[in-house]
Amino acid sequence: MKTLEIKNLHVSVEDKEILKGIDLVVNEGEVHALMGPNGNGKSTLLAAIMGNPKYTITEGSILYDGQNVLEMPVNERSKAGLFLAMQYPQEIAGVTNSDFLRAAMNVRREKPVSLFTFIKEIEKSINELQMDENLAHRFLNEGFSGGEKKRNEIVQMKLLKPSMAMLDEIDSGLDVDAIQLVAQALTDLKNETNMAMIVVSHYDRFLELIQPSFTHVLVNGRIIVEGGPELFKKIDDEGYDWIYKEYDVEPAAQDGKRRALNTLGTCAVRETVNGSKK
Amino acid sequence: MIQISDSKTIILEDESYEIEINSDKAIDLTFVIQNNTNVLVNIQSCPSLHISCELKEDYEAKILYWNSSKNELVTSEEYNVYRNGDLTVAYGECNLANTNRDTTILLKEAGANAVLSSASLVNVNKEYRMRVVNEAEHTHGDMKNYAVVLSEGKLMIDAIGAIKKGAHRAESHQTSRALSFAEGQKATILPELLIDENDVQASHAMSMGRMDEDQLYYMMSRGLSIEDCTSLIATGYLLPIVDVVKDENLKETLKKELEGKIQELCSM
């Protein structure tokens with residue numbers, strides 16, 4: 001059984017410590033929801049697992065399937081089965097989705113995927129996610145809307161079939177119908193491959209569809225409280241304030257002054273535009 | 001295929017041509033275009049090449065110079081485009097020998113149109129001086145230079161768009177992009193717009209630099225090595241040059257050659 005094991009993980013960005021000792025175990029086939037106010041380390045944790053060079057691991061370990069992930073370059077982590085559906089997927093001009101995905105499929109196989117198989121698989125995924133039928137020939141994410149980019153992350157995931165999928169706010173930027181489509185695609189893939197998932201989301205609607213069995217709440221770089229699905233439902237109803245009181249913690253302030261959100265449905269963009277709630 | 005080993009005048013009256021230049025002495029070629037035509041000029045060897053070309057009114061011509069030479073190549077080229085003529089001159093440079101080009105396109109009569117473009121995989125010295133001159137009204141000139149500069153490469157492009165007095169409503173545009181993958185690689189691009197008329201449109205866009213780290217991380221997070229990413233990006237930059245060629249078989253051959261060269265050089 002493939003297991004992700006994180007022990008006492010400390011991560012810094014530009015000398016500022018973001019994660020202050022994370023312990024987390026995710027077994028094959030399990031779905032974990034990672035929650036917490038904005039700016040408190042959820043994306044950092046996923047990026048650190050994937051190997052984003054902007055983040056420095058100062059202490060702790062990450063093992064996946066018994067291998068020391070921290071010693072592996074980013075591409076080897078991907079080939080080991082890790083996949084991060086990013087919050088802000090990059091646009092790569094000049095490289096078509098099709099060339100990119102075929103290359104990504106081929107690096108994890110001994111024999112290159114045949115053109116016929118590739119076209120069949122990508123067309124199936126494009127149809128399932130109701131994307132532009134010319135997607136394969138368009139440049140990677142270039143000129144895509146926010147929602148298209150997110151759905152394209154799932155197209156990639158379906159073709160690469162990871163054993164550990166990490167989803168960083170994949171539901172933001174998606175309308176109600178698209179959330180349903182993405183959740184269905186993820187559920188199908190999970191049923192097919194028994195992949196594990198770590199899902200960062202602010203939306204109860206999405207989590208209800210994905211059905212996580214475990215919930216972890218990250219506040220100021222530490223997992224403060226853990227539980228089952230009842231925990232994300234409680235947070236959806238009551239926000240985070242009860243956690244701050246009960247566990248005597250303060251969320252990390254954003255930009256030195258902003259207090260963390262206290263409702264589940266507030267998105268970071270709206271927060272930035274309207275100012276934070278006090 | 002027309003084999004060239006001596007200076008000559010070639011009448012281009014068919015739809016497509018494949019010309020191969022193989023000579024150890026200087027060659028002087030004159031193209032006289034008498035039809036809409038699509039030409040691939042494959043330079044196997046030639047120390048010095050002079051081209052002069054007249055594109056008469058209303059004709060459309062696309063010429064791709066594919067440099068396969070193992071030795072240094074020095075070229076000087078002059079093109080005259082007349083009323084409503086439409087000329088594309090393109091350079092595919094992925095060989096491992098120095099190139100020094102000097103190209104001038106004169107848009108001599110109203111409605112003349114020209115695109116001058118290059119795609120270069122630079123692992124030696126590549127130096128281009130390009131001029132597109134709008135001499136008449138309603139003429140349109142466009143320069144597009146794309147380069148991937150590798151560790152041993154040095155690129156210099158002097159791109160001049162000039163609009164002469166009296167060339168009302170002329171347009172002169174240029175785009176230059178140079179991409180490198182490591183520190184210390186050298187590329188110099190000088191975009192120049194020399195405008196001597198008021199009622200015109202002119203622009204230049206330029207980007208130079210290393211591949212964006214976030215893009216690299218994104219691509220690697222799907223399993224691609226740095227070399228795979230370099231190859232894919234370089235291919236995206238350079239491959240569109242082969243679209244100048246109409247013949248699908250020829251296009252496929254050039255595409256494979258370019259992809260092979262990119263893979264070979266980018267994984268070094």
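In this predicted model, helix 3 of chain A packs against helix 5 (residues 146–160) of chain A at an angle of about 35 degrees, and the two axes are 10 Å apart. Helix 3 of chain A passes helix 5 of chain A in a right-handed crossing. On the side of helix 3 of chain A, the contact is made by N97(A), F100(A), L101(A), A104(A) and M105(A). Helix 5 of chain A contributes N152(A), V155(A), Q156(A), L159(A) and L160(A). By class, the residues of this contact of helix 3 with helix 5 of chain A divide into seven nonpolar, three polar and no charged.

Helix 3 (residues 97–106) of chain A also packs against helix 4 (residues 115–128) of chain A, at an angle of about 115 degrees and with the axes 11 Å apart. Angles of 65 to 115 degrees count as roughly perpendicular, and helix 3 and helix 4 of chain A are therefore roughly perpendicular to each other. Their crossing is right-handed. In this contact S98(A), L101(A), R102(A) and M105(A) of helix 3 of chain A meet L115(A), F118(A), E121(A) and I122(A) of helix 4 of chain A. The contact of helix 3 with helix 4 of chain A has five nonpolar, one polar and two charged residues. L101(A) and M105(A) of helix 3 thus appear in the contact with helix 4 and in the contact with helix 5.

A helix pair in chain B was described in the corresponding terms. Helix 1 (residues 213–220) of chain B and helix 2 (residues 226–238) of chain B cross at roughly 115 degrees, and their axes come within 10 Å. That angle makes helix 1 of chain B roughly perpendicular to helix 2 of chain B. Helix 1 of chain B passes helix 2 of chain B in a right-handed crossing. The residues that meet are L216(B), M219(B) and M220(B) of helix 1 of chain B and I226(B), C229(B), L232(B) and I233(B) of helix 2 of chain B. By class, this contact has seven nonpolar, no polar and no charged residues.

The largest nonpolar core of the model has 121 residues. Those with the most contacts inside this core are L45(A), M157(A), L186(A) and I198(A). Helix 6 (residues 176–193) of chain A gives the most to the core, with seven residues. Another core, of 44 residues, lies apart from the largest one, and Y17(B), L29(B), V41(B) and L116(B) are among its members. When neighbours within four places in sequence are left aside, M157(A) is in contact with F83(A), A85(A), P162(A), A165(A), L167(A), L186(A), L189(A) and M195(A). One of these partners, L186(A), is itself listed with M157(A) among the residues with the most contacts inside the largest core.

Helix 1 (residues 42–50) of chain A has eight of its nine residues buried, so this helix is largely enclosed by the rest of the structure. The buried residues are K42(A), T44(A), L45(A), L46(A), A47(A), A48(A), I49(A) and M50(A). Just after helix 1 of chain A, G51(A) takes a positive phi of about 105 degrees. On the other side of this helix, G39(A) lies in the loop between strand 3 (31–35) and helix 1 of chain A. G39(A) counts as exposed, because its relative accessibility is 53% and the cut-off for exposed residues is over 50%. G39(A) and V219(A) are 180 residues apart in sequence, but their C-alpha atoms are 8.9 Å apart in space.

Most residues other than glycine have a negative phi. Q130(A) is not a glycine, yet has a positive phi of about 50 degrees. Q130(A) lies in the loop between helix 4 and strand 8 (139–140) of chain A, and at 57% relative accessibility this residue counts as exposed. In chain B, D58(B) is likewise a residue other than glycine with a positive phi, here near 75 degrees. D58(B) lies in the loop between strand 6 (48–55) and strand 7 (60–67) of chain B.

A second aspartate of chain B, D158(B), lies in strand 14 (residues 154–163) of that chain. D158(B) counts as buried, because its relative accessibility is 11% and the cut-off for buried residues is under 20%. Not counting residues up to four places away in sequence, D158(B) touches Y128(B), R129(B), M130(B), L190(B) and E192(B).

How values were computed. Residues are numbered from 1 along each chain as its sequence is written. Chains are lettered from A and ligands numbered from 1 in the order in which they are written. This is a predicted model: local features need pLDDT of at least 70, side-chain atom pairs count only at pLDDT 80 or more; totals for chains, interfaces and linings use all residues. Side-chain values use heavy atoms; hydrogens and water are left out. Axes are lines fitted to C-alpha atoms, for helices over the stretch in contact, and angles run from 0 to 180 degrees between N-to-C directions. Helices (H or I, at least four residues) and strands (E, at least two) are DSSP runs, numbered from the N terminus. Angles under 35 degrees count as roughly parallel, over 145 as roughly antiparallel, 65 to 115 as roughly perpendicular and the rest as oblique. A crossing is left-handed if the near helix is turned anticlockwise from the far one by less than a right angle, and right-handed if clockwise. Contact means heavy atoms within 4.5 Å. Ala, Val, Leu, Ile, Met, Phe, Trp, Tyr, Cys and Pro count as nonpolar, Asp, Glu, Lys and Arg as charged, and the others, Gly among them, as polar. A nonpolar core is a set of buried Ala, Val, Leu, Ile, Met, Phe, Trp, Tyr and Cys residues joined through side-chain atoms within 4.5 Å. Buried means under 20% relative accessible area, exposed over 50%, partly exposed in between (1.4 Å probe, protein chains only).
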